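Take a moment to look over the chain from one end to the other. Then follow the text through it, part by part.

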Amino acid sequence: MLKDPSTKYKKFVGPKLDNRQWPSKTLDKAPRWLATDLRDGNQSLPDPMSVEEKKEFFETLVDIGFKEIEVAFPSASQIDFDFTRYAVETAPEDVWIQVLSPCREELIKRTIESLHGAKKAIVHIYLATSACFRDIVFGLSEEESLALAVRCTKLVRQLTKDDPNQQKTEWRFEFSPETFSDTNPDYAVKVCQAVHEAWGPTKQDQIIFNLPATVEMATPNIYADQIEYFCSKMPDRDTICVSLHPHNDRGCAVAAAELAQLAGADRVEGCLFGNGERTGNVDLVTLALNLYTQGISPNLDFSDLPKIADIVEKCNKIKVPERAPYGGQLVVCAFSGSHQDAIKKGFQRREQELARLGITSKEEADKKLIWQIPYLPLDPQDIGRTYEAVIRVNSQSGKGGASWIILRNLELDLPRSLQIAFSKVVQTAAETLGRELLATEITDLFAKEYFVGEYDAPYTVLDYEILKDESKEGGRRFQGRIRLDTGKEYDLNGVGNGPISSFADALSKVLEPKITVKDYKEHAIGKGSDVRAVTYIEVVSEDGNTRWGVGVHEDVTLASLTALLKSLWYFRNRD
């Protein structure tokens, strides 16, 4: 790299706006969308889509809700021509089929031929207007380019709207001054004014001027300035649909498209997940869901985004990056302990609020409670993700991640110090395996560590009763029988302030080590006749070590006694 790049590269200078308006505006509605995956996206693929793949992709775009789809470059090959025919013959009545052609008369004629019999069709032609492309690629002067644009526009009109044999089709016309982002803004306006006059649009039948950042030349605000300048200079603005086609050379296509909409644009062209030449076209998934998270309907349906991503990957033969906004496999996942803890608390707060409001269904919750979860600007369920995929655990994760998985899968809301204790067990397992742990592995670890579920408690309460003890005020006496994992049984008798302390006293008389209760928590799981009690008991042994026991039973007292026995077993067998 050069120490002084200014000797080789020049700073891009945008149009001068004395009173720009777009910075004070906000987005409040979705633009018109044009999906160009099948044309611009497909031409950029190392291995272009097969006809069957293009058909599947086309059907997916229709299912998502795109009403304008650019399907091919029909004059480029027989395959593109034939696929255009397929789209024309199978498209729903409310879907516009768009095709592209350069400003070459013989190619325009072939392109329009491919649209014969279409219900709704958009003919899109383009012409180089930037000095760089006119000089280096085409060798045309400004006057020659303008004349060619007008001539080709009139040809399109002659072959479509003015042709008596084409009256069954509803026609639209789109023109692109290529590459707009590097075109003198006054010249771009001049060419488009001439094209506008040649086509003769109305308020009801607008002309589309596509203003492509074919190569992203500058910061997004400059592109917005260019769009506002164009919109302010074009007469009869209400007869014009201003369309955007941002590429992502600087990595700013999404920002450029959003700012350019503020500047007056009505329509956006792009691809799902940003496929396209070089660094790609603007990502329509990101643009649409950015609107969605601001409470604005994008008029597109990404309810099953994982399925859409799978189809895109299969047809493009290019993987959607795991960190791609919204669509990537990892974007709703948290591995960091602090992130996991915040997300867990956010979900708990939301569940508490839903319970307070008496809301029991997701449909009702979505209508009455604003989404507010740390680190999650979007409810994963809205795009087809499960909450189980939100928190994933590896050796870097903290207590929040593992405890969230236990809560989601076993319904156990672990006390804080038990979360800390179990997180160490999880971390050791993750370090040993050298990878992320699956949710099933974490729940199995917990069950084995604390004898929950299918893992039987090694010590068992065979019979018990809690009696009032006359020797001390408010005292309780435990009487019962237990069996150890060796098969040996013991009759127990002890006194305490309640069932748990009296049971601990009884145990200390026949088994070592002596344990005392440090902390106790309980809650219910299940509903109706299936409700059970869960108790968490933290005990301290004679040498000062602590251990949690977990008991689950329909009888809350028996759940507590079982939890205490589990802790005792641990101290007697830990070595």
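UniProt, in an unreviewed entry, places the feature "domain: Pyruvate carboxyltransferase" at residues 31–306. The model shown here is predicted. Over residues 31–306 the chain is 43% helix and 19% strand. The C-alpha atoms at the two ends of this stretch are 24 Å apart.

Now take the chain as a whole. How is it divided into domains? The domain assignment gives domain 1 (31–316), domain 2 (337–436) and domain 3 (460–573). The centres of domain 1 and domain 3, taken over C-alpha atoms, are separated by 73 Å.

Next come the aromatic rings. A pair of aromatic rings is described by the distance of the centres and the angle of the planes. The count here comes to 16 aromatic pairs. One of them joins Phe175 and Phe209. Their ring centres are 6.5 Å apart, and the planes meet at 90 degrees. That makes the pair edge-to-face. Where do the two residues sit? Phe175 belongs to strand E5 (residues 170–178), and Phe209 belongs to strand E6 (residues 207–213). They are 34 residues apart, so the pair links distant parts of the chain. Both Phe175 and Phe209 are buried.

Phe478 and Phe503 make another pair. Is it stacked or tilted? The planes stand at 50 degrees, so the pair is tilted. The ring centres are 4.7 Å apart. This pair also links distant parts of the chain. Phe478 lies in strand E10 (residues 475–483), while Phe503 lies in helix H17 (residues 499–508). The two are 25 residues apart. Phe478 has a relative accessible area of 0%, so it is buried. Phe503 is buried too, with a relative accessible area of 0%.

Rings can also join into groups. Ring pairs link Phe175, Phe180, Phe209 and Phe230 into a cluster. Phe180 leads on to Gln226, since Gln226 is in contact with Phe12, Pro15, Phe180 and Ser181, leaving aside its neighbours within four places in sequence. Gln226 sits in helix H8 (residues 220–233). Is Gln226 buried or exposed? Its relative accessible area is 7%, and buried means under 20%, so Gln226 is buried.

Some rings have a charge over them. The charged end of Arg157 sits over the ring of Trp199, 5.7 Å from its centre. The charged end of Arg172 sits over the ring of Trp96, 3.7 Å from its centre.

Go back to strand E10. Its partner is strand E9 (residues 460–469). The two pair in the antiparallel sense over 9 bridges. Asp463 stands opposite Arg481 in E10. E9 and E10 form a hairpin, with 5 residues between them. In the turn, Gly474 has a positive phi of about 75 degrees.

The last stop is Leu412. This residue is in the loop between helix H14 (399–410) and helix H15 (416–433). The relative accessible area of Leu412 is 2%, so this loop residue is buried. What does Leu412 touch, leaving aside its neighbours within four places in sequence? Its contacts are Ser403, Ile406, Leu407, Phe446, Val452, His523, Val534 and Tyr536. Glu542 is another matter of distance: Leu412 and Glu542 are 130 residues apart in sequence and 29 Å apart in space, C-alpha to C-alpha.

Definitions and conventions
Residues are numbered from 1 along each chain as its sequence is written. This is a predicted model: local features need pLDDT of at least 70, side-chain atom pairs count only at pLDDT 80 or more; totals for chains, interfaces and linings use all residues. Side-chain values use heavy atoms; hydrogens and water are left out. UniProt positions are given in the numbering used here, feature names are shortened, and annotations may be inferred rather than shown by experiment. Helices (H or I, at least four residues) and strands (E, at least two) are DSSP runs, numbered from the N terminus. Rings of Phe, Tyr and Trp (its six-membered ring) pair if their centres lie within 6.5 Å; planes under 30 degrees apart count as stacked, over 60 as edge-to-face and the rest as tilted. Buried means under 20% relative accessible area, exposed over 50%, partly exposed in between (1.4 Å probe, protein chains only). A charge sits over a ring if NZ of Lys or CZ of Arg is within 6 Å of the ring centre and within 35 degrees of the ring normal. Domain bounds come from an automatic or database domain assignment. Contact means heavy atoms within 4.5 Å. Two strands pair if DSSP finds at least two bridges between them.
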